[in-house]
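User: Can we go through the charged side chains in this one? I'd like the pairs and then the surface.

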Amino acid sequence: MSHTIHGKKKLLARVRRIKGQAGALESALEQESDCAAILQQIAAIRGAVNGLMLEVLEGHMREHLGAEEATPAERLEDLDQVVRVLRSYLK
């Protein structure tokens, strides 16, 4: 079973919190809130997205790279995939 399916409820809860934070940011911008409050909200969203990324990435690495039945070629392919995603994410 995929780790994202296994942890679906927890991951969806995180996504919904991020969605709520993005909505609050949108409202703050529409209401012309103080810059400091807007920056704080952006930082909170970024932290939440980073936490979500870490959770999914850790599950992926443990399930795919740590799988005992995976061949060396499969592990290398999964490692390359993780590196590509991280490079894209960290740009």
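Analyst: Here are the salt bridges, followed by a charged patch. This is a predicted model: local features need pLDDT of at least 70, side-chain atom pairs count only at pLDDT 80 or more, and totals for chains, interfaces and linings use all residues. Residues are numbered from 1 along each chain as its sequence is written, and side-chain values use heavy atoms, with hydrogens and water left out.

User: How many salt bridges are in the whole structure?

Analyst: The search finds 3. A salt bridge here is a side-chain nitrogen of Lys or Arg within 4 Å of a carboxyl oxygen of Asp or Glu.

User: What does Lys 10 pair with?

Analyst: Glu 55, with the closest N and O atoms 3.3 Å apart. That pair links distant parts of the chain: Lys 10 is in helix H2 (residues 8–30) and Glu 55 is in helix H3, 45 residues apart. Helices are DSSP runs (H or I, at least four residues), numbered from the N terminus.

User: Which other side chain meets Glu 55 in a salt bridge?

Analyst: Arg 14, at 3.3 Å, N to O. This pair also links distant parts of the chain, with Arg 14 in helix H2 and Glu 55 in helix H3, 41 residues apart.

User: Where do these sit, buried or exposed?

Analyst: Cut-offs on relative accessible area: buried is under 20%, exposed over 50%, partly exposed in between (1.4 Å probe, protein chains only). Lys 10 is exposed at 52%. Glu 55 is partly exposed at 24%, and Arg 14 is partly exposed at 23%.

User: And Glu 58, what is its partner?

Analyst: Arg 62, with the closest N and O atoms 2.9 Å apart. Glu 58 and Arg 62 are 4 residues apart in helix H3, so about one helical turn separates them. Glu 58 is partly exposed at 38%, while Arg 62 is exposed at 61%. As for shared partners, salt bridges join Lys 10, Arg 14 and Glu 55 into one network.

User: New topic. Which residues gather in the negative patch on the surface?

Analyst: Glu 68, Glu 69, Glu 74, Glu 77 and Asp 80. Patch residues have over 30% relative accessible area and no salt bridge, and like charges are joined within 9 Å. Asp and Glu count as negative. The place of a charge is CG of Asp or CD of Glu.

User: Where is Glu 69?

Analyst: In the loop between helix H3 (35–65) and helix H4 (72–89). Glu 69 is exposed, with a relative accessible area of 68%.

Conventions
Patches are made of residues with over 30% relative accessible area and no salt bridge: like charges are joined within 9 Å, nonpolar side chains (Val, Leu, Ile, Met, Phe, Trp, Tyr) within 5 Å. Accessible areas come from the Shrake-Rupley method with a 1.4 Å probe; for residues, only the protein chains shown count as cover. Helices (H or I, at least four residues) and strands (E, at least two) are DSSP runs, numbered from the N terminus.
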